[in-house]
Amino acid sequence: MRRSIVKHGPGTLTVSIPAAWAKMNELRAGDQVEVVEHQGQLAITPVDVPKGDAISVTLRGGKRFVARTLYNCYRLGYNEIRASFDDPRTLTTITERVGQLIGFEIVEQTPTSCVLRNVASIAHEEFGVMVRRMWDMQLSIGHSVLDALRKGDREQLATIRSLEKIPYKLYLYAARTVAIAGQRVSPAPYVLMALLTRVESLMDAYRYAAAMFVENPGKPVRVSAATLRFFSIVVDYHESLFHLYYRYTDKRMIDMLDQKHDNIDTYLKLLEQVPAQERRIIHLILKAYVDMFDATSQILGLHLAGQK
């Protein structure tokens with residue numbers, strides 16, 4: 001598609017935006033677009049601003065139900081959440097959880113209701129930065145948990161637990177961006193959303209491995225060498241998954257797939273060798289490994305979608 005450049009004044013050049021593209025992105029006169037220059041080319045993308053889409057929810061039950069409801073509304077792309085509740089203590093839970101929702105604030109509240117509203121726009125160019133930070137934080141936490149278990153360092157495990165909310169916060173923002181922007185951030189947004197959700201779940205193994213000792217101060221931080229070796233294998237596999245996402249090659253994919261038999265065999269032998277109190281850690285690590293293995297399929301899907 002070619003467009004003519006029009007001169008306005010002594011130093012200003014303008015070009016019109018195709019009407020079909022403006023309609024698809026719901027753009028009107030006065031709306032803003034993001035213009036990015038890269039290697040001699042200009043990329044124009046809409047700037048997402050709150051469009052008034054709101055949802056009303058009734059919050060009952062405990063903290064987990066409240067948190068999951070808020071997180072799902074945020075992840076689905078709603079810009080306003082109108083919450084009502086019978087228990088005034090629910091407001092405390094909401095206040096604690098809103099910090100996980102980047103761009104959201106409580107703008108109205110009563111003893112039995114409140115309104116959470118998006119006060120910031122989604123910048124598509126920040127998506128990659130947020131996802132990279134999520135990966136980096138996860139890998140750092142995985143290596144730190146392994147290091148703390150090797151050293152028997154309970155204080156280090158407690159410090160790690162204080163950081164666990166950060167990757168989830170980044171995940172929620174990334175998932176929300178995909179829900180809002182769709183193919184503007186990926187040619188296969190549903191595959192990307194599935195990958196983000198699976199990768200976020202990898203934190204469970206690290207989180208619970210740390211919690212086993214932090215929440216039981218009388219329990220010595222002592223893990224067998226065999227369990228530590230398996231933990232190390234899975235953390236290394238996590239690192240490989242990171243490189244597969246950012247620098248995909250068929251060889252790297254095949255190498256990761258070919259490791260499954262050996263890693264499952266290692267797991268089965270460990271169940272017979274390790275003390276009973278360590279089997280919970282082994283199960284957690286295996287679940288993380290299976291999630292990583294399954295995530296390779298989504299990364300392959302994203303790679304193939306990028307070739308269309």
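β5, α2 and β6 make a right-handed β-α-β unit. The model is predicted. The chain around this unit has twelve helices and eight strands. Of its 308 residues, 41% count as buried.

**The β-α-β unit**

- Strands β5 (54-58) and β6 (80-84) flank helix α2 in this right-handed unit.
- β5 and β6 pair in the parallel sense.
- Five bridges hold that pairing.
- Ile55 stands opposite Ile81, a residue of β6.

**Helix α2**

- Helix α2 covers residues 63-75, which makes 13 residues.
- At 1.5 Å a residue, α2 should span 18 Å.
- The C-alpha atoms at its two ends are 18 Å apart, so the model agrees with the expected span.
- The buried residues of α2 are Val66, Ala67, Thr69, Leu70, Tyr71, Cys73, Tyr74 and Arg75.
- These buried residues pack against several strands: β5, β6, β7 (104-110) and β8 (113-118).
- They also pack against two helices, α3 (90-97) and α6.
- Just after α2 comes Gly77, which takes a positive phi of about 100°.

**Strands β6, β7 and β8**

- β6 and β8 run antiparallel and are joined by five bridges.
- Ser84 has Ser113, in β8, as its bridge partner.
- β7 and β8 also run antiparallel, with six bridges between them.
- Two residues separate β7 from β8, and the two strands form a hairpin.
- Across this pairing, Glu105 stands opposite Arg117 in β8.

**Arg176, a buried charge**

- Arg176 sits in helix α6, which covers residues 165-181.
- Arg176 is buried, yet it has no salt bridge.
- Asp53 has the nearest side chain of opposite charge, and it is 6.5 Å away.
- A salt bridge needs the nitrogen and oxygen within 4 Å, so a distance of 6.5 Å does not qualify.
- Leaving aside residues up to four places away in sequence, Arg176 touches Cys73, Tyr74 and Arg75.
- Cys73, Tyr74 and Arg75 are among the buried residues of α2.
- Arg176 also touches Gly77, Tyr78, Asn79, Phe104, Asn118 and Ile122.
- Gly77 is the residue with the positive phi just after α2.

**Salt bridges within one helix**

- The structure holds 15 salt bridges.
- One of them joins Arg132 to Asp136, with the closest N and O atoms 3.4 Å apart.
- Both residues lie in helix α4 (residues 127-151).
- Arg132 and Asp136 are four residues apart, about one turn of the helix.
- Arg132 has 37% relative accessibility, so it counts as partly exposed.
- Asp136 is partly exposed too, with a relative accessible area of 37%.
- Lys251 and Asp255 meet in another salt bridge, at 2.9 Å from N to O.
- These two residues are separated by about one helical turn, because they are four residues apart in helix α10 (residues 250-258).
- Lys251 has a relative accessible area of 61%, so it is exposed.
- Asp255 is partly exposed, with a relative accessible area of 35%.

**Salt bridges across the chain**

- Arg198 and Asp294 form a salt bridge through their side chains, at 3.6 Å from N to O.
- This pair links distant parts of the chain, 96 residues apart.
- Arg198 lies in helix α7 (residues 189-200), while Asp294 lies in helix α12 (residues 279-305).
- Arg198 is partly exposed, with a relative accessible area of 25%.
- Asp294 has 31% relative accessibility and counts as partly exposed.
- A network of salt bridges links Arg161, Glu164, Asp204, Arg207 and Glu215.

**Contacts over the whole chain**

- Consider the contacts in the chain with a separation of 6 or more.
- Residues 24 or more positions apart account for 69% of those contacts.

How values were computed:
Residues are numbered from 1 along each chain as its sequence is written. This is a predicted model: local features need pLDDT of at least 70, side-chain atom pairs count only at pLDDT 80 or more; totals for chains, interfaces and linings use all residues. Side-chain values use heavy atoms; hydrogens and water are left out. Buried means under 20% relative accessible area, exposed over 50%, partly exposed in between (1.4 Å probe, protein chains only). Lys and Arg count as positive and Asp and Glu as negative; His and the chain ends are not counted. Contact means heavy atoms within 4.5 Å. The expected span of a helix is 1.5 Å times one less than its number of residues. Two strands pair if DSSP finds at least two bridges between them. A crossover is right-handed if, with the strands pointing away from the viewer, the path from the first strand over the helix to the second runs clockwise.
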